[in-house]
Amino acid sequence: MPDRRYDALVIGAGPAGSVAALVLARGGARVALVDKARFPRDKACGDLVGPRGVQLLSDLAIDTPPITTVDDMVVVGPTGRRVHLPCHPGTTYPGYAFASPRASLDATLQEAAISAGAEAFVGRASEPLLRDTTLDGFVLSGGERVHADVVIGADGASSRVADVAGLVDATRVLWGFALRAYVDDPVQVPHIVLWEPAAWRGFPGYGWLFPGVGGRANVGLGLGVLSDRKAGARAAQDFDSFLEHLWRLGVVDAHLAPSSVRSRLGGWLKMGMVGTTPARGRVLLVGDAAGLVNPLQGEGISQAMQSGRAAAEAVLAGPDAAATQYRAHLASAFTPYQSAAAPAHAALLPRPRATAALGRLLTAPGVGRMIAGGWSIFWNDLLEGAAPGPARTLASVAARVGRAAMAPSRTHRWFSDELAPSGPPASVVGHRTALI
Ligand SMILES: Cc1cc2nc3c(=O)[nH]c(=O)nc-3n(C[C@H](O)[C@H](O)[C@H](O)COP(=O)(O)OP(=O)(O)OC[C@H]3O[C@@H](n4cnc5c(N)ncnc54)[C@H](O)[C@@H]3O)c2cc1C
């Protein structure tokens, strides 16, 4: 097959890759958008797009598929106590989120990118193409040889692009694994469930029941495993006990027989940015490939689309400086939150008693209600652009205290080393076999 050359090659047509390709194509770039799957395809997800993602879709004038809008959320504590978290509009985002099955959301985004002019390929990117020692493209599983001036890795948590480019330090990554399924349940309000499988032994993650389109609710359980990926199996092992717990608390209406819980599907999350160099040379990583998932509540679609857009804008401004501009964007948009949330996540995971105590405290009578507004803003990373008021003040205090408390940690230091304007020190990248 003849070699093809583009301005940009985007590997992965999830939310990150499709938004990157759309912005590039609208900006006049020649873009190849590659995915190993033929769309529509399913993807393990809670299917909720947060307020920042809703705003981005509106900013880019992308029509959404059928959705169910949601706003406030209920957090159910380990003892069954409920706290109502409000979803207030900010100055830069609306006061609601929406649910949409990923099969239709992702197909809509990919179609929008193609309509804007991106050229779609179905094939797995596996073998890198090199020019001198730099990554210049990929050979796809169908045999196509696709070259480009810039490669954008939008290929999810287990990114091949990141591996090939030597951008991941596997010993530092904060991995998570989550399992979702669908059930017929009329739930209207998203529920997050903090769970203790045994008294005072907090589950190292949380479960959920989210409304869906057409009365089909999304139920799931996810946990953080630091760098021990074998521990991810616990999501599947504990799933049925968790469903039992939901029924006992009255979170689901009916006692869920295994046959009524359909389409179980699991997936990896790469959280808190730590361990992944997001861009170097002519390679930029976006979305899960860059590890942008919120380590406190697992949201990643908004971050994927935001980073896809930012990477595309950086490439359009000039490929030579794209990596530097993109890293600067990540440092200002994501680091203030992630540099507190990631170390907090890493510190809590190995401590089931502390996890249980925190869950009980946050949902204790009086406490939850008092802090609900600030809690909602802080852990959904909605502080930037939040409307002035007591809730924003509380979230701002929480963010400052969190950063100060986490400053001495090794995880926190990763941010100043890796996202410094001058780039990571040689000692940080020295172990990698970089192609870029
Ligand atoms: C169970 C679960 C529940 C979640 N719930 C939510 C939620 O409710 N809300 C939320 O915001 N986030 C949620 N997340 C996180 C969210 O799913 C991700 O953050 C989001 O999908 C990231 O988008 P992305 O485009 O970066 O990657 P992906 O959506 O993973 O897309 C990557 C694409 O790359 C393709 N690809 C991979 N490798 C190759 C290759 N070598 N060659 C070609 N193509 C390749 C894949 O086929 C895929 O289409 C959840 C995650 C899990 C696992």
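**Group meeting: helices, loops and a ligand shell**

I will start with helix α13, residues 410-418, where the buried residues are Thr411, His412, Trp414, Phe415 and Glu418. Looking down the axis of α13, these buried residues fall within an arc of 145 degrees, so they line one face of the helix. The other side of α13 has Arg410 and Ser416, which are exposed. As background, an α-helix has 3.6 residues a turn, so residues three or four places apart point the same way.

I should say now that this is a predicted model. Everything I describe is computed from that model, so please hear it that way.

Next, helix packing. Two packed helices are described by the angle between their axes and the distance between the axes. I have three pairs, and α12 is in two of them.

The first pair is α11, residues 367-379, with α12. Their axes come within 7 Å and cross at roughly 60 degrees. That angle makes α11 oblique to α12. The crossing of this pair, α11 and α12, is right-handed.

The second pair is α9, residues 335-348, again with α12. Here the axes come within 9 Å, and the crossing angle is roughly 60 degrees. So α9 is oblique to α12. What is the hand of the crossing of α9 and α12? It is left-handed.

The third pair is α1 with α3, the latter being residues 102-116. The axes of α1 and α3 come within 8 Å and cross at roughly 20 degrees. Angles under 35 degrees count as roughly parallel, and α1 and α3 are therefore roughly parallel to each other. The crossing of α1 past α3 is left-handed.

Two residues from these helices are worth pointing at on the screen. Ile377 sits in α11. Is Ile377 buried or exposed? Ile377 is buried, because 29 other C-beta atoms lie within 10 Å, and the cut-off for buried is 20 or more. From Ile377 to Ser396, 19 residues apart along the chain, the C-alpha separation is 9.0 Å.

The other residue is Ala404, in helix α12, residues 390-406. Ala404 has 10 other C-beta atoms within 10 Å and is therefore exposed, since exposed means 12 or fewer. Ala404 and Arg30 are 374 residues apart along the chain, and their C-alpha atoms are separated by 45 Å.

Now the ligand. There are 40 residues around the ligand, and those that come nearest are Gly12, Gly14, Gly46, Gly287 and Gly300. Which elements give two or more residues to that shell? They are α1 (15-26), β2 (31-35), β12 (174-184), β15 (216-226), β16 (262-271) and α7 (301-317). By residue type, the shell divides into 17 nonpolar, 13 polar and ten charged. Note that α1, from the third helix pair, is one of the elements on that list.

β2 and β16 are also on the list, and each borders a loop that I want to show.

After β2 comes the loop between β2 and β3 (48-49), and Pro40 is in it. A cis peptide bond joins Phe39 and Pro40, with omega about 0 degrees.

The loop between β16 and β17 (279-280) holds Gly275. Gly275 is buried, as 23 other C-beta atoms lie within 10 Å. Between Gly275 and Pro66 there are 36 Å, C-alpha to C-alpha, and the two are 209 residues apart in sequence.

Last, two residues other than glycine with a positive phi. What is phi for Ala61? It is near 55 degrees. Ala61 lies in the loop between α2 (51-59) and β4 (68-70). Ala61 counts as exposed because it has 8 C-beta neighbours inside 10 Å.

For Trp200, phi is near 65 degrees, again a positive value in a residue other than glycine. Where is Trp200? In the loop between β13 (191-193) and β14 (205-210). Trp200 has 12 other C-beta atoms within 10 Å, so it is exposed; the cut-off is 12 or fewer.

That is the end of my list.

Notes:
Residues numbered from 1 in each chain as written. Predicted model: local features only at pLDDT ≥ 70, side-chain atom pairs only at ≥ 80, totals over all residues. Near = placed C-beta within 6 Å. Helix = DSSP H or I, 4+ residues; strand = E, 2+ residues; numbered from the N terminus. Nonpolar A, V, L, I, M, F, W, Y, C, P; charged D, E, K, R; others polar. Arc of directions from axis to C-beta. Axes fitted to C-alpha atoms, helices over the stretch in contact; angles between N-to-C directions. Parallel < 35°, antiparallel > 145°, perpendicular 65-115°, else oblique. Left-handed = near helix turned anticlockwise from the far one by under 90°.
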